[in-house]
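Pull up the model and let's take a walk through it together. We'll begin with the whole chain and then zoom in on a few spots.

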Amino acid sequence: MIQKFLDRGAQLTEQQAIWWAAIQNIYEQQRYMYDNHTHSVQDRIVSFHQPWLRPIVRGKAKASVEFGAKFDMSLDQGIARLEYSSFDAYNESDILISTIRRYYDRHGNYPERVLVDKIYRNRKNLNYCKQRGIRLSGGCTGAPEKNKIRDKTIDEQDNADRIAVERGFSQLKSCFGADLITTKRKDTTLSNIALSVLTLNLSQLTTDALHQMLSNVFKSRQIKNWTLYFSFFTKFTIIQ
């Protein structure tokens, strides 16, 4: 019926055109699954009003499947950077090389070490880092080399330092609204994620500035053996 009106010259608004395209895609997907006796289809639409949403299987106890944007974030000298974001499920390991290349563009050299989760430690990323003298955190892939003893203290230190980025994700969700995004459009949702990361950095820079200011005050007054606990957005800075 709608197509007949369009053939007669009817005009749709921009929003109506988006809905009409979504209706056609949903119909084609449902028809494909019916004809092929399957329950899965590529880029399956799960929301009529937000057709760009995709089910992302996470395997978590709270929710095995999540809906929404997925993004990668890195920490470079304490500054959080949004490396990649998408509504489609993607393999995080594919983002590592481009992240390192952007680091090189910013600093003119490669990092001494890169602290990552296990999923990033595939053969491609390991070879890329090895050729450039970058130490990728974590154990070796495959069988361990004979008569080689790995220093576990290095792994323990890497794991301790990598907590910083996990804390960053926690702050994004608990303090800066990354888990409370209610926007309906694709571009505004991605903008909200970027603004959450920006606010996280502003919080960190403000905390560092206050830390430096109070440290200078105590040093100028020659106050010794005093400890001040300064709370800012659930973070604690200890000044002695």
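What percentage of the 240 residues in the chain is buried? The figure is 28%. Keep in mind as we go that this is a predicted model. As for the outside, the accessible surface adds up to about 17,200 Å², and carbon and sulfur atoms account for 53% of that.

Now for the secondary structure. Count up the elements and you get six helices and eight strands. Reading from the N terminus, they come in the order α-α-β-β-β-β-α-β-α-β-α-α-β-β. If you take the contacts in the chain with a separation of 6 or more, 40% of them are between residues 24 or more positions apart.

Let's stop at helix α3, which covers residues 96–107. Does its length look right or wrong for a helix with that many residues? With twelve residues at 1.5 Å a residue, the helix should span 16 Å, and its end C-alpha atoms sit 17 Å apart, which agrees. Its buried residues are Leu96, Ile97, Thr99, Ile100 and Tyr103. Look down the axis of α3 and these buried residues fall within an arc of 160°, so they line one face of the helix. The spacing makes sense, because an α-helix has 3.6 residues a turn and residues three or four places apart point the same way.What covers that buried face? Among the elements lying over the buried residues of α3 are strands β3 (70–76), β4 (79–86), β5 (113–114) and β6 (135–136), along with helix α4 (123–131). Just past the end of α3 you'll find Gly108, which takes a positive phi of about 80°.

Next, the charged side chains. How many salt bridges does the structure hold? There are ten. One of them pairs Arg81 with Asp76, with the closest N and O atoms 3.9 Å apart. That still makes the cut, because a salt bridge here needs the nitrogen within 4 Å of the carboxyl oxygen. Asp76 is buried, at a relative accessible area of 6%, whereas Arg81 counts as partly exposed at 29%.

Now swing over to Asp158, which has its place in helix α5 (residues 152–174). Is Asp158 buried or exposed? It counts as buried, because its relative accessibility is 2%. Leaving aside residues up to four places away in sequence, Asp158 touches Arg113, Leu115, Arg135 and Ser137.

With one of those neighbours, Arg113, Asp158 makes a salt bridge, and the closest N and O atoms are 2.7 Å apart. Asp158 sits in helix α5 and Arg113 in strand β5, so this pair ties together parts that are 45 residues apart in sequence. Arg113 itself is partly exposed, with a relative accessible area of 33%.

Arg113 has another partner to look at. Its side chain also meets that of Asp161 in a salt bridge, at 2.6 Å from N to O. Here again the pair links distant parts of the chain, with Asp161 in helix α5 and Arg113 in strand β5, 48 residues apart. Asp161 is partly exposed, with a relative accessible area of 27%. Put the shared partners together and you have one network of salt bridges joining Arg113, Arg135, Asp158 and Asp161.

Let's head back out to the surface. Which residues form a nonpolar patch there? They are Val46, Val57, Val65 and Phe67, and together they have about 370 Å² of accessible area. Val65 belongs to strand β2 (residues 65–67). It counts as partly exposed, because its relative accessible area is 32%.

Our last stop is Leu180, in the loop between α5 and α6 (186–220). Leu180 is exposed, with a relative accessible area of 64%. From there, look across to Asn192, twelve residues away along the chain: the C-alpha atoms of the two are separated by 9.8 Å.

Conventions:
Residues numbered from 1 in each chain as written. Predicted model: local features only at pLDDT ≥ 70, side-chain atom pairs only at ≥ 80, totals over all residues. Heavy atoms only, no water. Helix = DSSP H or I, 4+ residues; strand = E, 2+ residues; numbered from the N terminus. Buried < 20%, exposed > 50% of the residue type's maximum accessible area, 1.4 Å probe, protein only. Contact = heavy atoms within 4.5 Å. Areas by Shrake-Rupley, 256 points an atom, 1.4 Å probe, with all protein chains shown as cover. Patch = residues over 30% accessible without salt bridge, like charges linked within 9 Å, V, L, I, M, F, W, Y side chains within 5 Å. Expected span 1.5 Å × (residues − 1). Arc of directions from axis to C-beta.
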